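Q: Could you walk me through this structure, one feature at a time? I would like to learn how to read each kind of value.

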Amino acid sequence: FDMNSDAPISVNADHARLDDMAGRATYTGNVVIVQAETSLRADRVELYRDAEGLSRILAFGDPAVYEQAETSESPETDARADEIEFDAASHLLTFRENAVIRQAGDIFRGDLVRYQTENRVVTAERGSSDDSAQVEMIIQPRRQQNSGSNPATEDGNGPADRN
Amino acid sequence: MLSILRRRPALTYALIGLLGAIFLLMVWQDEESSGAGSTADLRGPREPDGFIVNAVYRAYDQTGQLSSRIESARAEQFEDEQYALMEEPESAVFEKETRIPWNITAEAGRYDLNTELLLLSGDVRVVRSNPGMAPTQLLSERLTLDNLDRIVHTEAPVTLLDYRGTTDAVGMRAWIDDRIIEFQSEVEGEYVTDNIKNRR
């Protein structure tokens, strides 16, 4: 979500609790937050405000789902986890517990995945608590720019003959 | 008939006197009823036990601080049921800590003198000023001010206008001193970003 954008943010939910003194607004039940092409769906969302405005968003769901539609500069992004945190100052999205990020065919799985919304960089980590957990990444080969060479197939066995 | 009156002047004078008495009696009754009429008009068709013009009700907390003040151009009190009906009540409920008032206006109000519940109806507006920011406004058609528990609540649709933007919902409960608002269902918020706000 872009606090410097011209697009307003719409929030729909079953219930809401606005706590002025704590600077926190809590929305529960079928929560949907939309700003232009970006949306967040969750069971519970907490919006935190400081003197400058909206500073942080915390979303909880089973899973919570963050989606960014494809734009001219960037592919579609679908990211989900049990907990999603957005920090407005750093434009950083953090996905905790059962995090799965899909972007242009690439898939990142892990207990902790960070996604920089400005430059769209994804970093994935294993959760500290579970040694057996692993980070899984499936990166689609990029189409070669020069002519003649075919991309590797899904199983990576080199170019397939297509007659 | 006239020739009889000319021959008997005494009868004439008696008749004139009778007509005069009847005329006076009619005038007197008219005044009597209008007198009664003006009192009945003042009291009003609901015939309250008492009525106050430019009424002011004040409530204080245990420390003696003014906790709320309700003003009304006209309040009609009904002793048996211990309530007062108010025209265009204007209330001010003062936050304990900050002393900032929540100013509440409506077309009509019913104030329960025992429970200090004020049931407001018709274009209900709650306005709280925010130093350095746009005021917070709550708009609804029905609202209850519970001065003992220090909350306002409604089951009706409500709109909140504040620094965030606009929030619509159905059903609301707000804790005055804690400055917490809970919306019960169908919450729809449209919030402006700081970019839009700065351009206003």
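**Reading the features**

A: Let's begin with one side chain: A:Met137 has a relative accessible area of 43%, so this residue is partly exposed. Keep in mind as we go that the model is predicted.

Q: Where in chain A is A:Met137 found?

A: Look for strand β10, which covers residues 136-138 of chain A; A:Met137 is found there.

Q: Which residues make the nonpolar surface patch of about 250 Å²?

A: A:Met137 makes the patch together with A:Val135 and A:Ile139. To join such a patch, a residue needs over 30% relative accessible area, and A:Met137, at 43%, qualifies on that count.

Q: What is the mean pLDDT of chain A?

A: Read pLDDT as the predictor's confidence in each residue. For chain A the mean is 81, and 79% of the residues reach 70 or more. Look separately at residues 148-163 of chain A, where pLDDT stays under 50. The model has 11 contacts beyond four places in sequence for that stretch.

Q: How many helices and strands are there in chain A?

A: Chain A has zero helices and 10 strands. Of its 163 residues, 43% are buried. The surface that chain A exposes comes to about 9,000 Å², with carbon and sulfur atoms supplying 44%.

Q: What does the secondary structure of chain B come to?

A: Here you will find three helices and 11 strands. Follow the sequence and you meet two helices, then the run of strands, then a helix at the end of the pattern. Chain B has 200 residues, 38% of them buried, and exposes about 11,700 Å², of which carbon and sulfur atoms supply 55%.

Q: What area is buried between chain B and chain A?

A: In general, interface size is often given as the accessible area lost when the parts come together. In this model the area is about 2,300 Å², and carbon and sulfur atoms give 44% of it. The contact takes 27 residues from chain A and 25 residues from chain B.

Q: How many salt bridges are counted between chain B and chain A?

A: The count is two. B:Glu182 forms a salt bridge with A:Arg17, and their closest N and O atoms are 2.5 Å apart. Over all chains, a search of the whole structure finds 16 salt bridges.

Q: Which residues of chain A are linked in a network of salt bridges?

A: The network links A:Arg56, A:Glu83, A:Glu85 and A:Arg96. Take A:Arg96 as your starting point: A:Glu83 meets its side chain in a salt bridge of 2.8 Å, N to O. A:Glu83 is in strand β6 (residues 77-87) and A:Arg96 in strand β7 (residues 92-103), so the pair ties together parts 13 residues apart in sequence. A:Arg96 also meets A:Glu85 in a salt bridge, at 2.7 Å, N to O. That pair, too, joins strand β6 to strand β7, with the residues 11 apart.

Q: Are these side chains buried or exposed?

A: Residues under 20% relative accessible area count as buried. A:Glu85 has 15%, so this residue is buried. A:Glu83 is partly exposed at 21%, and A:Arg96 is partly exposed at 25%.

Q: Where is B:Arg74 placed, and is this residue buried or exposed?

A: B:Arg74 sits in strand β2 (residues 66-78) of chain B and, at 14% relative accessibility, counts as buried. Beyond four places in sequence, the contacts of B:Arg74 include B:Phe51, B:Leu85 and B:Glu87.

Q: What should I look for in the backbone?

A: Most residues other than glycine have a negative phi, and most peptide bonds are trans. Now try the peptide bond from A:Asp62 to A:Pro63: this bond is cis, with omega near 0°. A:Pro63 is in strand β5 (residues 53-68) of chain A.

Q: What is phi of B:Glu47 and of B:Arg150?

A: For B:Glu47 phi is near 50°, a positive value, and this residue is found in the loop between α2 (9-43) and β1 (50-60) of chain B. For B:Arg150 phi is near 60°, also positive. B:Arg150 lies in the loop between β8 (133-146) and β9 (151-161) of chain B, and with a relative accessible area of 8% this residue is buried.

Note on methods:
Residues are numbered from 1 along each chain as its sequence is written. Chains are lettered from A and ligands numbered from 1 in the order in which they are written. This is a predicted model: local features need pLDDT of at least 70, side-chain atom pairs count only at pLDDT 80 or more; totals for chains, interfaces and linings use all residues. Side-chain values use heavy atoms; hydrogens and water are left out. Patches are made of residues with over 30% relative accessible area and no salt bridge: like charges are joined within 9 Å, nonpolar side chains (Val, Leu, Ile, Met, Phe, Trp, Tyr) within 5 Å. Accessible areas come from the Shrake-Rupley method with a 1.4 Å probe; for residues, only the protein chains shown count as cover. A salt bridge is a side-chain nitrogen of Lys or Arg within 4 Å of a carboxyl oxygen of Asp or Glu. Helices (H or I, at least four residues) and strands (E, at least two) are DSSP runs, numbered from the N terminus. Buried means under 20% relative accessible area, exposed over 50%, partly exposed in between (1.4 Å probe, protein chains only). pLDDT is the predictor's confidence in each residue, from 0 to 100. Contact means heavy atoms within 4.5 Å. Buried area is the accessible area (1.4 Å probe) that two parts lose on being put together, summed over both.
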